[in-house]
Each structure stands twice: as structure tokens, then as C-alpha cells.
Amino acid sequence: MSEGMTQGKDYLVTGGAGFIGSNFIRYLYQNVEGIRVRVLDKLTYSGNLANLFEFEGRNGFEFLKGDICDEAMVRKAMDGVDVVVNFAAEVSVDRSIDDPQSFLKTDIVGVYTLLQQARKMPGLKRFIQISTDEVYGHILEGSFHEASELKPRNPYAASKLGGERLAYSFFETYGVPVVITRASNNYGPYAYPEKVIPLFITNLFDGGTVPVFGAGRQIRDWLYVEDHCRAIRLLVDSGVNGEVYNVGGSQECENIDLTRKLLVLMGKDERSIKFVQDRPGHDMRYSLDSSKLLRLGWQPAYDLDKGLQATVEWYRANEAWWRPLKDKLDPRYSKGFWGEKGAK
Ligand SMILES: NC(=O)c1ccc[n+]([C@@H]2O[C@H](COP(=O)([O-])OP(=O)(O)OC[C@H]3O[C@@H](n4cnc5c(N)ncnc54)[C@H](O)[C@@H]3O)[C@@H](O)[C@H]2O)c1
């Protein structure tokens with residue numbers, strides 16, 4: 001069904017060749033009449049043109065290969081658009097611990113470059129900065145709300161916080177129509193196979209084991225990607241400039257329980273689990289209070305069981321998509337990124 005009233009029809013989706021960005025474009029073309037989408041993406045390891053093939057020839061679809069840190073490219077990409085949704089980022093926590101520099105560049109300087117251009121566009125209707133619940137750090141009890149203290153605990157989270165606060169400052173200082181989202185862990189179709197859920201699913205398809213960090217007691221709140229996309233669309237139309245919105249799936253689960261759910265769905269048993277060395281500074285629990293967004297009328301449509309089933313089915317049907325990515329994946333992901341249990 002097509003959505004009615006809308007803030008804008010001409011979108012720039014940065015990072016649109018990645019996991020959430022490409023799902024968002026699909027959501028737009030399926031749900032918003034007359035939408036036009038331009039993508040700016042650098043095609044890093046996780047950016048994948050195969051995520052975009054189906055949009056070739058769709059109304060106004062255009063792909064630009066380029067970096068959000070490149071001023072001239074950003075000027076070209078933002079020309080004539082009403083709405084910018086910035087997904088482009090270096091994303092992996094493990095990679096950021098290994099090598100933080102590229103995270104500072106894309107997740108802070110890249111956001112700055114987009115915002116500088118946005119300042120020069122009085123007709124811009126919305127600038128959505130996609131942030132993350134990781135900017136809060138972790139919480140052992142209760143849930144984070146938008147005014148909670150911000151204590152990021154790894155270089156990825158700290159860089160994302162830098163980017164989103166810069167966006168907020170451009171709203172306060174220059175009136176750029178910024179709305180910020182902080183989402184919990186996304187899963188679903190087109191997630192790069194280094195992420196825990198597709199990594200485990202594809203390892204199990206191949207008859208391998210699944211590497212569980214530590215004792216698997218960390219808690220994550222899982223959000224099906226389509227629910228996230230619907231929230232972003234709602235915020236383009238109904239968000240308040242300068243505001244932050246948590247987007248949580250309200251599906252908290254210990255990693256070990258998530259693993260067991262996947263084992264059951266795939267007809268495997270606990271012999272497929274391999275406990276491996278934990279990540280340094282591993283956040284113990286994330287939990288979001290999303291009532292601000294719920295008050296705008298958003299509700300997640302997927303609980304974890306329904307979402308996992310849909311995800312397993314998608315990976316089962318789309319081996320041609322994930323196999324080439326899996327073949328190139330750093331073997332540390334499958335073995336345990338930080339080594340064997342007890343490694344220093
Ligand atoms: N995956 C999650 O669970 C999650 C949760 C909350 C928030 N987020 C945020 O959502 C956004 C998208 O995450 P994702 O999981 O889809 O990541 P992803 O790695 O799949 O996609 C990121 C995309 O950005 C592109 N990119 C990277 N650097 C770029 C640059 N300098 N210029 C242009 N393009 C560049 C990549 O090529 C890729 O296509 C990120 O901003 C991330 O912080 C993700």
C-alpha cells in the first residue's frame with residue numbers, strides 16, 4: 001500500500017549499497033508513490049552493488065560511487081534532493097578496535113562534509129542521521145531513553161556519537177533540519193555475513209560451528225531491518241527537527257539464547273557451538289526505551305522468532321548472494337575474532 005503525505009520525494013541515501021540502506025531503498029520503492037532515490041556509496045567491503053540491481057530502471061534511481069568525505073562528490077550527490085538519509089559509515093565494532101582511524105574519518109568527517117553541503121540548501125526538508133544505541137554504552141538494568149548519559153565504550157560507538165552530535169550542532173547553529181535515530185541491533189536480509197546472525201546461519205548451512213564470544217551472556221535488543229526502515233520513513237515525515245529517537249525492537253535476548261534459537265531453526269544441536277575468546281571491552285547489555293517513537297504510531301511488526309525465521313529462509317533462498325561474500329570473509333570471523341578461549 002502506498003503511503004500518502006510525504007515530506008519529500010527526492011532522496012539521497014548515502015551508504016545505500018549496504019545492509020540497512022539497501023533495505024530502506026526497497027522499503028521506499030515498495031511503499032511511497034513517486035519516490036526518486038539517488039545513492040552515494042564508496043563500496044567498501046560491505047557495500048555491494050548486488051544489493052541494488054533490482055532498482056536499476058526504477059523511477060529516478062541513480063547510483064554514484066563516491067566518498068561522503070569528498071566535498072565535490074557530496075555537492076553533486078545532494079544537488080536537487082529534498083531528503084538526505086545518512087547510513088554511510090564504518091560499522092563493525094571488532095574492526096574499529098583493530099583499526100579506529102577510518103571510523104573517525106567516515107563517521108565524523110564524512111558527516112561534517114554532508115552537513116556543510118546541507119547548510120547551503122535552504123530547500124532541504126530533512127537530514128536523517130542514522131546513529132546507534134551503542135552511543136549510550138551498556139546498561140545492566142533498566143533501559144536507555146533519549147536523554148540518558150552518553151558513554152560510548154568502543155571506537156565505533158565514539159565515532160558515531162561524534163557524527164550525531166555534530167549533526168545536532170548544525171541544527172542548533174545553522175538550522176539544518178536534522179533528525180537523529182539510535183537503533184538497536186538490526187538483522188534480516190542482505191546483512192553482510194560477518195554479522196553474528198548471518199555468520200551463524202551460513203556457518204550452519206556449511207556444517208560448521210558457530211563462535212560464541214565468552215559465555216554468550218551478553219544481551220542485545222534485536223530489531224528486524226524492515227521495522228527499522230519503517231521507523232526512518234515515519235521520522236522523515238513526522239520527526240521533530242533537532243530530536244533524537246530510539247528505535248528498539250524490544251526483543252532482548254542473551255547471545256547464547258539467540259544461538260540456540262538459530263540451532264533449533266536449522267535442525268542443529270549444541271555440538272555446533274564453539275565458545276571463543278570474548279571481545280575486549282565487550283558491552284554487556286543494550287536496552288532501549290522507544291516510547292518516544294511509539295507515540296508517533298510506530299510498532300515493530302516482527303518479534304525475534306518471526307524475524308529469525310524470515311532471515312533463515314532468506315539466506316536459504318539466496319546462497320548466490322552470500323556465498324561470494326562468505327568466501328572472501330576474514331577467517332577470524334568464523335573461528336572467533338579474538339582467538340581461542342583464554343587467549344591474551
Ligand atoms: N547494523 C546494525 O545493527 C546497526 C544498528 C544501528 C545503527 N546502525 C547504523 O546504520 C548504518 C548502516 O549500517 P549497516 O549495518 O547497513 O552497515 P553496512 O556496512 O552494511 O553499510 C554501510 C555502507 O556505507 C558505505 N560506506 C562506508 N564508508 C563510506 C564512505 N566514506 N562514503 C560513502 N559510503 C561509505 C559502505 O560501502 C556500505 O555500503 C550505519 O550508520 C550504522 O552505524 C547499524
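**Exercise 1. Determine the strand order of the open sheet of 3 strands and its edges.**

Step 1. The order is β7-β9-β11, and the pairing is mixed; strands are DSSP runs of E with at least two residues, numbered from the N terminus, and two strands pair if DSSP finds at least two bridges between them.

Step 2. The edge strands, each pairing on one side only, are β7 (185–187) and β11 (252–254).

Step 3. From one strand to the next, the twist averages 50°, where axes are lines fitted to C-alpha atoms and angles run from 0 to 180 degrees between N-to-C directions.

The model is predicted: local features need pLDDT of at least 70, side-chain atom pairs count only at pLDDT 80 or more, and totals for chains, interfaces and linings use all residues. Residues are numbered from 1 along each chain as its sequence is written, and side-chain values use heavy atoms, with hydrogens and water left out.

**Exercise 2. Describe how β7 and β9 pair.**

Step 1. β7 and β9 (residues 219–224) run parallel over 3 bridges.

Step 2. Tyr187 stands opposite Tyr224 in β9.

**Exercise 3. Identify the polar contacts of the ligand with Asp41, Ile68 and Tyr156.**

Step 1. A polar contact is a pair of N or O atoms within 3.5 Å.

Step 2. Polar side-chain atoms lie 2.6 Å from a ligand oxygen atom for Asp41 and 2.7 Å from a ligand oxygen atom for Tyr156.

Step 3. For Ile68, a backbone N or O atom lies 3.0 Å from a nitrogen atom of the ligand.

How values were computed: Helices (H or I, at least four residues) and strands (E, at least two) are DSSP runs, numbered from the N terminus. A polar contact is a pair of N or O atoms within 3.5 Å; within protein, one must be able to donate a hydrogen and the other to accept it, and residues adjacent in sequence count only if both atoms are side-chain atoms.
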